[in-house]
Amino acid sequence: MMKQGSGMEKMTIDHTPETKASVSEITIDQQKASSWLKDVFGMVKETEHTQDFYKEMERLLKESDSYSDFFAKVVYHLFPEEGLVLMDAHDPEVRRLETPYFSTMIEKNREMASGVYAVLQKNRQEGYETILDSELDDAHLFYSFEGERVLLVRDEEGNFRGKNNEVVLTEAELLKIAAETPELLSNNVVTRPLMQEALFPVLAFIGGPGEINYWSVLKPAFEAAELCMPPVLPRLSFTMIDRKTGQQLKNFHIPADEAIRSGVREKKMNWIASQSTPQIHHLTEQVKKEINAVHAPLREKSATLGADLGQLAEKNLEYILENIDFLEKRINHSMESRHQHEMDQFENMEWTLHPGGGLQERMWSIVPWVNQYGTTVFQQMNRHHLSFRNDHYVVYL
């Protein structure tokens, strides 16, 4: 996402694949990708880093065959010294290593699926938010059929079918595929963690909120596959504050943690209200109270002349009070226009630190930050010792 005016705009490549293939198999449309890259950089102000950063991204794009290639090259460019190892899980050679694990997932499929389903229902009953959609008959495996990834489910006869009946395979047939052409198989969100642990056993799995939500139901699947489930730790979270936004927080006496956690919209309304003496809301509440008192005799008299007239009098008061509320909104709007400079500052703080009502890292693209501070900005952050005892860090740039 890129910042645009008083909101955010999602910049996407205008490329719709013809089939539901793995992203590793989708060839980049270089013309559309190049146009997308220009649009992305057209959203940022030019700095001393812009041209070099753009040319480097353009070079990496031209050297990439798939979107996976491009992503890997960008990551290595931004983190050249961290010792990162990226693996294409869809590589045929990797799939051959996965044959025995695919076989286990096929043979133990029912136990894995039922265990995950049971824990998922238990979590829901206990009030936990669940973002995983899983049913008892889900096989949690994909099969590549006629160039498209087909999600498999189990039927009553124990066969594996495409979710839309695209293909039907017996367990024996699927086991043969795992042994001879494992590149036709792939994992979904339930079995991918198991395959990951089988290939790369780790001391702990570090994930984001969504991944941890998935992992919370996976222990029965690990046990069915006879794998040891690693401890799960939340990844570190960051909010970056540029000098402009930091100064605005200081000017309005807003603690950074409050702005990150809750945003500044309530602070904005309170600030606008404070610019009027007496405050507009208090003034309108007082007016409505006095109108209610003055109007009371009319309502009482109307009620004595009939129920319908009494109801009409009550409705009349409601209309009057609604008009007072409307006037209050117009006054506030006028106040905001008069203080547009301050309102713009509040909008900048909101969209920088609490975009879309959530964390910066869930919305912001890296491009504006690298464009402003250079490609070493993340390497500089990595030079600090960051303890996992703190789950969120504020980075002042």
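Throughout this passage, buried means under 20% relative accessible area, exposed means over 50%, and partly exposed lies in between, with a 1.4 Å probe and protein chains only. The structure is a predicted model, in which local features need pLDDT of at least 70 and side-chain atom pairs count only at pLDDT 80 or more, while totals for chains, interfaces and linings use all residues. Residues are numbered from 1 along each chain as its sequence is written, and side-chain values use heavy atoms, with hydrogens and water left out. Helices (H or I, at least four residues) and strands (E, at least two) are DSSP runs, numbered from the N terminus.

A good place to begin is Asn188, in the loop that runs between strand 7 (185–187) and helix 8 (192–199). With a relative accessible area of 14%, Asn188 is buried. A polar atom of its side chain lies 3.0 Å from the backbone nitrogen of Val190, and a polar atom of the Asn188 side chain is also found 3.3 Å from the backbone nitrogen of Thr191. Contact here means heavy atoms within 4.5 Å. Leaving aside neighbours within four places in sequence, Asn188 is in contact with His140, Phe142 and Pro193.

His140 leads on to Ser134, which sits in the loop between helix 6 and strand 3. Ser134 counts as buried because its relative accessible area is 1%. Its side chain makes a polar contact with the side chain of His140 at 3.5 Å; such a contact is a pair of N or O atoms within 3.5 Å, where within protein one must be able to donate a hydrogen and the other to accept it, and residues adjacent in sequence count only if both atoms are side-chain atoms. Beyond the neighbours within four places in sequence, Ser134 is in contact with Val116, Tyr117, Leu120 and His140.

Val116 also belongs to a nonpolar core, defined as a set of buried Ala, Val, Leu, Ile, Met, Phe, Trp, Tyr and Cys residues joined through side-chain atoms within 4.5 Å. The largest such core has 30 residues, and those with the most contacts inside it are Val116, Tyr143, Leu152, Leu174, Leu185, Leu194 and Leu218. Two or more residues come from each of helix 5 (99–107), helix 6 (109–125), strand 3 (138–145), strand 4 (148–154), helix 7 (171–180), helix 8 and helix 10 (219–224). Another core, of 28 residues, lies apart from this one and includes Ile26, Met57, Leu61 and Met240. In soluble globular proteins, nonpolar side chains tend to be buried together. As for Leu218, its contacts outside the four places on either side in sequence are Val116, Val190, Pro193 and Met229.

Two helices deserve a closer look. The expected span of a helix is 1.5 Å times one less than its number of residues. For helix 3 (residues 67–78), with twelve residues, this gives 16 Å, in agreement with the 17 Å between its end C-alpha atoms. Tyr67, Phe70, Ala72, Val74, Val75 and Leu78 are buried in helix 3, and the buried residues of this helix pack against helix 1 (30–41), helix 2 (50–62), helix 17 (367–373) and helix 18. Helix 16 (residues 340–353) should span 20 Å with its 14 residues, and its end C-alpha atoms are indeed 20 Å apart. This helix is mostly covered, with ten of its 14 residues buried; among them are Met343, Phe346, Trp351 and Leu353.

Several loop residues are less covered. Glu146, in the loop between strand 3 and strand 4, is exposed at 70% relative accessibility, and its phi is near 55 degrees, a positive value in a residue other than glycine. His253 lies in the loop between helix 11 (243–251) and helix 12 (256–262); it is exposed at 70% relative accessibility and has a positive phi of about 55 degrees although it is not a glycine. Arg389, between helix 18 (377–382) and strand 11 (392–396), is exposed with a relative accessible area of 81%. Thr170, in the loop between strand 6 (168–169) and helix 7, is partly exposed at 31% and, leaving aside neighbours within four places in sequence, is in contact with Asn159 and Phe160.
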